[in-house]
Amino acid sequence: MQQIVNGISLGSIYALIALGYTMVYGIIKLINFAHGDIYMIGAYTGFAVVTYTNLGFFPALIIAMIACSALGVVTEKVAYKPLRSASRIAVLITAIGVSLLMEYVMMFFVTADVRSYPDVLSNASFEIGGVIIKMQQIYILITTVLLMVFLQYIVHRTKVGKAMRAVSIDRDAAELMGIKVDQTISYTFAIGSALAGAAGVLVGIYYNSINPLMGIMPGLKAFVAAVLGGIGSIPGAMIGGMSIGVIENMVSGYGGSLIKDAVVFAILIIVLLVKPSGILGKNTREKV
Amino acid sequence: MKKLFTRNALITLILMAVSFVVVEVLIQANIITAYYQITLATICINIIMAVSLNLVTGFTGQFSLGHAGFMSIGAYTCGIITVANPTVGGFLTGIVMGAVLAALAGIIIGIPTLRLKGDYLAIATLGFAEIIRIIVQTLDITGGAAGLNGVPKFTNWPWFWFFTVLTIILVNNFIHSSHGRACIAIREDEIAAEAMGINTTKYKVMAFAVGAFFAGIGGALYASTFFFLKPATFGFLKSIDYLVIVVLGGMGSITGSVVAGIFLAVVNTVLAEFTAVRMIIYAALLVVVMIFRPQGLMGSKEITFKLLQKKPQSNKQE
Amino acid sequence: MPILTVNKLTKSFGGLTAVSNVNLQIEKGELVGLIGPNGAGKTTLFNLLTGVYEPTTGDIILETEGRSRKIQGKKPYDITKEGLARTFQNIRLFKDLTVMDNVRIAMHQNIKYMMPSAFLHGIKYHSEEERLVREAEELLNIFNLTDKKQELAKNLPYGEQRHLEIARALATRPELLLLDEPAAGMNPNETAELTKTIAWIREKFGLTILLIEHDMSLVMKICERIYVLDYGMMIANGTPEEIRKNKRVIEAYLGEDVN
């Protein structure tokens, strides 16, 4: 039980990151490797805000989200947009490049040292039936759920959301119907990056330590979560994120903390081989 | 009757021989000091790794982000064997075993994953390389996370030269054979290749295994040069290092990989003290090259000796 | 002897039945046309015959090299090895490779040296590669492409790309050749030229040919028999004369000129 509780809070963070992957993949068919680093930058922004301004948790969260969403949009405009018509591999390599660039530019400015977050949320914890639940875990879960409800609202109830869904189904047709494709892609990056920024702040608080390379592993795992849930599917990202979080905690709970990452990657490979469309995804095939 | 060597091949061979002699003389004269011999080693390993990755990614079109995984198999195999048997014989056994085991891993990993395409394949190979790294980290024989210490050094310039030249010649021969063309056809159009009777799965796995084989050699040389192995060395970033070389040099250009391999090793040495700066340059190069020249600096062209040649070189039967 | 027999072949994609209960028989040496309105399932049928898709139900029996066997569910490359080659409606050449390489790649399945020779370039390698070049040049000659053997396939004019696709298919040494709209995008002169070439290669290589074509002048002129597909069903089969008069065919084309 304890593992499940811990798994859910970790999983909600994966889910937040996975959403960005899934939205971006859905719309431009790109595994945005830099997404994990946006999350890292979100963590640093939150850190800077709470450390140097004495603002509380929520202002830090909002500022980090805004900063990340701006960064996400700029990245897309500068690095990915010129490659709209290039091969997917070229764009993927670019994404890897952008990812490295963010990591090492950060390393250059803030050094590779691990920083720890000041306590901005209550450290209290309580026990229900032998399971310890921290207040922080509750905050994480609440924040995640709120953000997801908000996201569902945007995607299904607003014009921007409708445009996003249209572009992800058929970009050319959407363009012919008068949808501004570039603008829609920007919105997608903005929203996805904001969620990653939020995840960064939450992780910083929860694990209390951040460093410039912290985005690599959670980024990859969130991608695994997105694939597991069905890439392109928002509820899929949530299910995938939670599952990965819980599985990872179960594995380390039963003495396998050394191999927990290997298990996650094994899941990825099995999903890709058995049902590449994931739990909630759709099948597509090439036309001959 | 055909000639045994085309003029281009002959010039290449002469160049290779000259490079050997010149570097050997420079080492004897102590102009290439022990410090710069590390750069020399890095150059050779870069070339071996990049040329073999180019076979998989550049020529066969299968995007792999796990090349360092195969390298680690070669490195640890050679490391363990030479620690147990610190002789030249042990060293050679280590290289051969390392290469063979890496190739085997390539086959085992390739058969299931090469059904995937493009970015999905990339992420699956990345996953496998991470799994290899984690396995190495948990085993006793590899020294676990602490690493394998005290691998005896047998590598020197003649060995490096030999294995680098061997890799270049064999891979180059392969892509200029019917089997190699089958691989290139897969990159160009997989469905058409199948319709032309090419067993695409077989040739993808074959390219993957051959690539892994040479990556195993690269890893073995690494082990013997750098004395100390730890699992973290062969992570995702190491795979990216070699991908950068292939992309910079040009996907499908062996000479491109050679030139880019040398260039980046030199950059590495110059910026050895400034890891962050070096990585920023790497990353920026990657992005800029992709935006302005997505096919890499050389594209799929080879650097040839046009001036000395009368006919185009792609037809070997002139 | 029939070289190809198709029994009750059906292919569904989800709820959509693209090919429904199709029967078809082609005798050795015949030149047969497959026509039908857009979306009738012609290319899907080709994809079933060549193993790109697996049929939902039904049999495909190929009799080449004196053997008869079912080929449904086999991989495309295995089917090609059995002597069935094809071209593609939306030209699928190896665009960034030379004309020569395009043809040589299709000859790969008949190559007689193994991996070690591929790495070491031994004696066998040299003799085989020479043979390949010689045979490829012979094929290119038929289509007047010899002069362009070092050009990249993508730089050829459209009509020549179609020719190269046929040359490449021939390089696999087929007994049965499937041509998917070989004259698409050609002008009347080019089409007339192609018509002659098809008749000629059929003689020269002893081929059986099944072709999809929208250009009725070509189909009516060279095909001995024609099958008509509409909404996935085979609605008619007969000589060009019979097809021209067939009520159902005229209906299917709904005023399209069958003459």
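A salt bridge here is a side-chain nitrogen of Lys or Arg within 4 Å of a carboxyl oxygen of Asp or Glu. K74(C) and E82(C) fit that description, with their closest N and O atoms 3.0 Å apart. Everything that follows comes from a predicted model.

Start with the surroundings of that pair. K74(C) counts as partly exposed, because its relative accessibility is 28%. E82(C), in contrast, sits at 11% relative accessibility and so counts as buried. E82(C) also has another partner: its side chain meets that of R69(C) in a salt bridge, with an N to O distance of 2.3 Å. R69(C) belongs to strand 5 of chain C (residues 67-70), while E82(C) is in the loop between helix 2 (76-81) and strand 6 (84-86), and the two residues are 13 apart. Both members of this pair are buried. The charged cluster goes further still, as E65(C), R67(C), R69(C), K74(C) and E82(C) are linked in a network of salt bridges.

As for the chain that hosts this network, chain C has 10 helices and 10 strands. Its radius of gyration is 19 Å, close to the 18 Å that the globule rule gives for 259 residues, so chain C is as compact as a globular protein of that length. The C-alpha trace of chain C spans about 60 × 40 × 35 Å along its principal axes. Of the 259 residues in chain C, 59% are buried. Taking the contacts in chain C with a separation of 6 or more, 65% are between residues 24 or more positions apart.

Chain A has another make-up, with 11 helices and 2 strands. Read from the N terminus, its elements go α-α-α-α-β-β-α-α-α-α-α-α-α. A compact globule of 288 residues would have a radius of gyration near 19 Å, and the 18 Å of chain A agrees with that. Its C-alpha trace covers about 55 × 45 × 35 Å along the principal axes. Buried residues account for 55% of the 288 residues in chain A. Of the contacts in chain A between residues at least 6 apart in sequence, 77% join residues at least 24 apart.

A salt bridge in chain A gives a concrete case of such long-range pairing. Over all chains the structure holds 28 salt bridges, and one of them joins the side chains of R84(A) and D182(A) at 2.7 Å, N to O. R84(A) lies in the loop between helix 3 (57-80) and helix 4 (88-110), and D182(A) in helix 8 (residues 181-207), so the pair ties together parts of chain A that are 98 residues apart in sequence. R84(A) counts as partly exposed at 25% relative accessibility. D182(A) is also partly exposed, with a relative accessible area of 32%.

Helix 8 of chain A also carries Y206(A). With a relative accessible area of 12%, Y206(A) is buried. Setting aside neighbours within four places in sequence, Y206(A) is in contact with N6(A), S9(A), Q136(A), Q137(A) and I140(A). From Y206(A) to F126(A) the C-alpha to C-alpha distance is 16 Å, for residues 80 apart in sequence.

That leaves the interface between chain B and chain A. The two chains bury about 3,500 Å² between them, and 87% of this area is on carbon and sulfur atoms. D119(B), Y120(B) and I123(B) supply 18% of the area that chain B buries against chain A, more than any other three residues. In terms of residues, the contact takes 38 from chain B and 42 from chain A. Between these chains the count of salt bridges is 0. The count of residue pairs in polar contact is 0 too, with both residues required to be at pLDDT 80 or more. On the chain B side, the elements giving two or more residues are helix 4 (88-113), helix 5 (118-138), helix 10 (236-249) and helix 12 (275-292). Helix 5 of chain B gives the most, with 14 residues. By class, the side of chain B that touches chain A comes to 30 nonpolar, 4 polar and 4 charged residues.

Conventions:
Residues numbered from 1 in each chain as written. Chains lettered and ligands numbered in written order. Predicted model: local features only at pLDDT ≥ 70, side-chain atom pairs only at ≥ 80, totals over all residues. Heavy atoms only, no water. Contact = heavy atoms within 4.5 Å. Buried area = accessible area lost by both parts, 1.4 Å probe. Polar contact = N/O pair within 3.5 Å; in protein donor to acceptor, adjacent residues only side chain to side chain. Helix = DSSP H or I, 4+ residues; strand = E, 2+ residues; numbered from the N terminus. Nonpolar A, V, L, I, M, F, W, Y, C, P; charged D, E, K, R; others polar. Rg over C-alpha atoms; globule rule 2.2 N^0.38 Å. Buried < 20%, exposed > 50% of the residue type's maximum accessible area, 1.4 Å probe, protein only.
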